Amino acid sequence: MVQVSRYQLILMLIWTVLGTGIVTMPGTIAQFTLRDAWVAAFGLLLGAVMCSLVSLAHVRLFPGRSLTQAAIDVLGPVLGRMFGIWYLAYGFITMATIGREMSAFIGISVLPNTPDFLLSAIAFAVSMYLAYLGIEVVARVNEFIVPLAAVVSPVLFLLAARLFDASPFQPLLGDPAGAAWHAAVVPAFAYGLEFSIALQWVPALRSPRTLPWDILIAGAISAFVLSALVTLTVGVLGDPARYLNYPVLELVRAIRQGKFVERLDTLYVMGVAITLVLKLAAFQLAVGEAVKDVSRSPERTWIPIPVALLGWSLSNYLFRNVFDVTNFILRDVPGYFLLTVVLLPGALYALRTAQMVRTKRPRRLQNT
């Protein structure tokens, strides 16, 4: 039986959220505020708290069941599968967004003459193979990159810290509170709500009862890393950070140490590519479970292929360029994610609780 440990789960959640977070969130936050950018980054923790509360209700009401399985149990085969189809739409749109973000980032940073559809095809092919091997393999790959990140990331941070200037943050908390809140919306209700993907992994978890705490731990670590990254980016780049799509990339490019240490952006791009592939694999695992539940398929080996092909097609069809992706994340994703992974599951759990109360009430009447 496949079982994912708590440590592996926390790493999967961290890389799932930070996979695209380290690419787009610093620039998104800087559009709204510079002085309070480090505070807005902790909006990610708000999304983690919401996902933790949802998962707390889930593991108590549906131990050992995924979200789509729980929906079929409560709503029946017809309405439950309609819920599953809605979740599939959410999963495919998210994969398309990730794939387009990755192809745009790689194309702009290192491969400007390579077609975007080819870059995304390579990413989807690798993530499809990981999803085919299963969640246990994906968890082990997440473990494998931790030592690499633990060595490379501090070195980049320390080299960039030499260029840090605190003047963009003065006066401290000088921006209006509304600016910080607007900057925190995307971290909280877009990237922060991605922690809910773990609900689809519940059948494979070794200790599903601890899932709410694991989400909180992953959320706290991710929020701290994001806040440190945003602070360093704004401190080094200053006001130009507002106008850059990938300010962290420019931050790494600015690192120079003599004539020998330069062009470290290659390491950064490689790390981002790895985490984005792992994020794609994580969502393909979740979507694959939903496809299996909706289609009643006893086999799951065939599922990663159509899931990857459809996700790749949508990534090239829905978004023409990086600006379409950015507008979609800023305008539509927060409300869409809030409805899909918080409000609808909340209604599902409320209905399940009402069913449990209704079934217990006649027994109490008979006893009296």
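# Exercises on side-chain pairs and pockets

The side chains of R100 and D116 form a salt bridge, with 3.2 Å from N to O, in what is a predicted model.

**Exercise 1.** Determine which elements the salt bridge of R100 and D116 ties together, and decide whether each partner is buried or partly exposed.

*Solution.* Begin with the location of each partner: R100 belongs to helix α4 and D116 to helix α5 (residues 116–133), so the contact ties together parts that are 16 residues apart in sequence. Next, compare the accessible areas with the cut-off, since buried means under 20% relative accessible area. R100, at 5%, is therefore buried, whereas D116, at 27%, counts as partly exposed.

**Exercise 2.** Carry out the analysis for the salt bridge between K279 and E194, and then for the one between D73 and R65.

*Solution.* The side chains of K279 and E194 meet at 2.7 Å, N to O. K279 sits in helix α10 (residues 265–295) and E194 in the loop between α7 (177–191) and α8 (211–237), so this bridge joins parts that lie 85 residues apart in sequence. With a relative accessibility of 0%, K279 counts as buried, and E194 is buried as well, at 5%. Salt bridges with shared partners also join E289, K292 and D293 into one network. Turning to D73 and R65, the closest N and O atoms of this salt bridge are 3.0 Å apart; here D73 is partly exposed at 39%, and R65 is partly exposed at 32%. In total, the structure holds nine salt bridges.

**Exercise 3.** Classify the aromatic pair of F62 and Y349 from its geometry, and work out which parts of the chain it ties together.

*Solution.* The ring centres of F62 and Y349 lie 6.0 Å apart and the planes make an angle of 45°. Because planes under 30 degrees apart count as stacked and those over 60 as edge-to-face, the rest being tilted, this pair is tilted. F62 lies in the loop between α3 (43–61) and α4 (67–109), while Y349 lies in helix α13 (residues 333–367), so the pair ties together parts that are 287 residues apart in sequence. Both F62 and Y349 are buried. A further tilted pair is formed by F319 and F328, at 5.5 Å centre to centre and 55° between the planes, and both of these residues are buried. Ring pairs also link W86, Y87, Y90, Y336 and F337 into a cluster.

**Exercise 4.** Check whether the span of α8 agrees with its number of residues.

*Solution.* At 1.5 Å a residue, the 27 residues of α8 should span 39 Å, and the end C-alpha atoms are 38 Å apart, which agrees. After α8 comes G238, whose phi is positive, near 75°.

**Exercise 5.** Describe the lining of the largest pocket and of the second largest pocket by residue class and by the helices that contribute.

*Solution.* The largest pocket holds about 910 Å³ of space, and among its 32 lining residues W15, I22, A149, V152 and S153 are the closest to its centre. Helix α6 gives the largest share of this lining, 11 residues, and by class the lining comprises 29 nonpolar, three polar and no charged residues. The second largest pocket has a volume of about 450 Å³ and is lined by 22 residues, with G134, I135, L285, E289 and R300 nearest its centre. In this pocket the largest share, five residues, comes from α10, and the lining has 12 nonpolar, six polar and four charged residues.

Conventions
Residues are numbered from 1 along each chain as its sequence is written. This is a predicted model: local features need pLDDT of at least 70, side-chain atom pairs count only at pLDDT 80 or more; totals for chains, interfaces and linings use all residues. Side-chain values use heavy atoms; hydrogens and water are left out. Rings of Phe, Tyr and Trp (its six-membered ring) pair if their centres lie within 6.5 Å; planes under 30 degrees apart count as stacked, over 60 as edge-to-face and the rest as tilted. Helices (H or I, at least four residues) and strands (E, at least two) are DSSP runs, numbered from the N terminus. Buried means under 20% relative accessible area, exposed over 50%, partly exposed in between (1.4 Å probe, protein chains only). A salt bridge is a side-chain nitrogen of Lys or Arg within 4 Å of a carboxyl oxygen of Asp or Glu. The expected span of a helix is 1.5 Å times one less than its number of residues. On a 1 Å grid over the protein atoms alone, a cavity is a set of points where a 1.4 Å probe fits but cannot get out, and a pocket is an open set with protein on both sides within 12 Å along at least five of seven lines; lining residues have an atom within 4 Å of a point. Grid points are joined across faces, edges and corners, and a volume is the space filled by probe spheres set on the points. Ala, Val, Leu, Ile, Met, Phe, Trp, Tyr, Cys and Pro count as nonpolar, Asp, Glu, Lys and Arg as charged, and the others, Gly among them, as polar.
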